[in-house]
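Let's take a walk through this structure together. Have the sequence and the 3D view at hand, and we'll go from the overall layout down to single residues.

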Amino acid sequence: MDIIVNLLHSLADTLSLSNLLHSLANSLDYAEIILPSLLKGTVMTIKVFFITLIFSIPLGLPLALGSESRLWPIRCFCRFYVFIFRGTPLMLQLFFVYFIVPIYTGLMIDAVTSAMVTFVLNYAAYLSEIYRGGIKSIDRGQYEAAACLGLSRPQTILGIVLPQMVRVVLPAVSNEMITLVKDTSLVYALGVTELLKAARAAVNRDGKLMAYLLAAVIYLILTFGLTKLQNYLERRFSKHEQRSE
């Protein structure tokens with residue numbers, strides 16, 4: 001009797017393993033089917049990310065310098081700009097640029113361009129505050145020393161303050177870029193097919209959650225690459241600082 005029971009258990013284990021392997025094979029086949037559409041959405045995600053990166057990083061610098069300007073019109077404008085874009089949701093800003101701006105200006109902007117413009121303006125505001133914090137962290141004695149050497153304020157900012165600021169703000173800027181990768185999913189609200197929208201379409205069509213799992217893996221791969229880049233840049237700047245000392 002024990003032999004029969006053991007045989008039945010062995011058979012059940014074999015069938016369970018067989019079902020598991022069959023389910024795994026079906027999942028892999030389904031993943032292969034939906035992966036091209038997810039990768040197409042990933043291309044749009046990366047496109048929005050890089051356009052935002054290329055334009056927002058330099059745009060944040062004049063905003064940061066303007067926020068500390070001695071000319072009150074420039075200072076007020078820059079601080080008001082930062083207040084607006086940091087104080088309202090990014091989703092609302094997307095709707096405003098895509099729907100409201102064309103109504104009052106007559107300028108028709110497609111969804112992709114609207115998304116990119118909004119992301120650049122939004123992230124420039126956040127980066128400007130990071131830059132401003134980095135600039136204010138530089139000891140005032142360095143400004144005084146530069147003045148004693150006969151350097152003008154622009155020469156002091158460009159030659160002394162900004163190189164040190166880059167090292168200070170690098171971790172915070174890197175974190176913003178990682179956040180940007182995830183924020184790109186908001187462009188689905190304008191009908192742009194990025195990674196998350198592509199995954200959602202597959203789930204709604206097929207009723208399987210595999211697409212969300214694959215999307216999560218792709219997001220993790222992107223953020224992992226940015227994290228490794230951040231670590232590399234921090235090591236490079238640390239070596240430069242050690243040589244200076």
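Throughout, two residues are in contact when they have heavy atoms within 4.5 Å of each other. What you're looking at is a predicted model, in which local features need pLDDT of at least 70 and side-chain atom pairs count only at pLDDT 80 or more, while totals for chains, interfaces and linings use all residues. Residues are numbered from 1 along each chain as its sequence is written, and side-chain values use heavy atoms, with hydrogens and water left out.

Start with the big picture. The chain has eight helices and zero strands, so counted by DSSP runs numbered from the N terminus (H or I, at least four residues, for a helix; E, at least two, for a strand). From the N terminus on, the elements read α-α-α-α-α-α-α-α. Of the 245 residues, 33% are buried, where buried means under 20% relative accessible area, exposed means over 50%, and partly exposed lies in between (1.4 Å probe, protein chains only). Taking contacts between residues at least 6 apart in sequence, 76% join residues at least 24 apart.

Now find helix 4, residues 111-136. Its 26 residues should span 38 Å at 1.5 Å a residue, and the end C-alpha atoms are indeed 38 Å apart, which agrees; the expected span is 1.5 Å times one less than the number of residues. At the N-terminal end, D110 acts as a cap, with a side-chain oxygen 3.1 Å from the backbone nitrogen of V112.

How do you describe two helices that pack together? You give the angle between their axes and the distance between the axes. For helix 4 and helix 6 (residues 153-183), the axes come within 9 Å and cross at roughly 145°. Those axes are lines fitted to C-alpha atoms, for helices over the stretch in contact, and angles run from 0 to 180 degrees between N-to-C directions. Among the residues making the contact are F119, Y123 and L127 of helix 4, and V161, M165 and E176 of helix 6. By class, the contact has 15 nonpolar, two polar and two charged residues. Here Ala, Val, Leu, Ile, Met, Phe, Trp, Tyr, Cys and Pro count as nonpolar, Asp, Glu, Lys and Arg as charged, and the others, Gly among them, as polar.

While you're on helix 6, look for P163. P163 is partly exposed, with a relative accessible area of 44%. Its C-alpha atom is 10.0 Å from that of I135, a residue 28 places away along the chain.

Next, hop over to helix 3, where you'll find Q93. Is Q93 buried or exposed? At 7% relative accessibility, Q93 counts as buried. Leaving aside neighbours within four places in sequence, Q93 is in contact with I84, F85, T88, T118 and N122. With N122 there's also a side-chain polar contact of 2.9 Å. A polar contact is a pair of N or O atoms within 3.5 Å; within protein, one must be able to donate a hydrogen and the other to accept it, and residues adjacent in sequence count only if both atoms are side-chain atoms.

Y98 sits in helix 3 too (residues 90-105). Y98 is partly exposed at 24% relative accessibility. Beyond residues up to four places away in sequence, Y98 touches I109, D110, A111, S114 and L190, and D110 is the residue that caps helix 4.

Finish at helix 8, residues 210-244, which holds Q230. Q230 is buried, with a relative accessible area of 10%. Not counting neighbours within four places in sequence, Q230 is in contact with P171, S174, N175 and I178.
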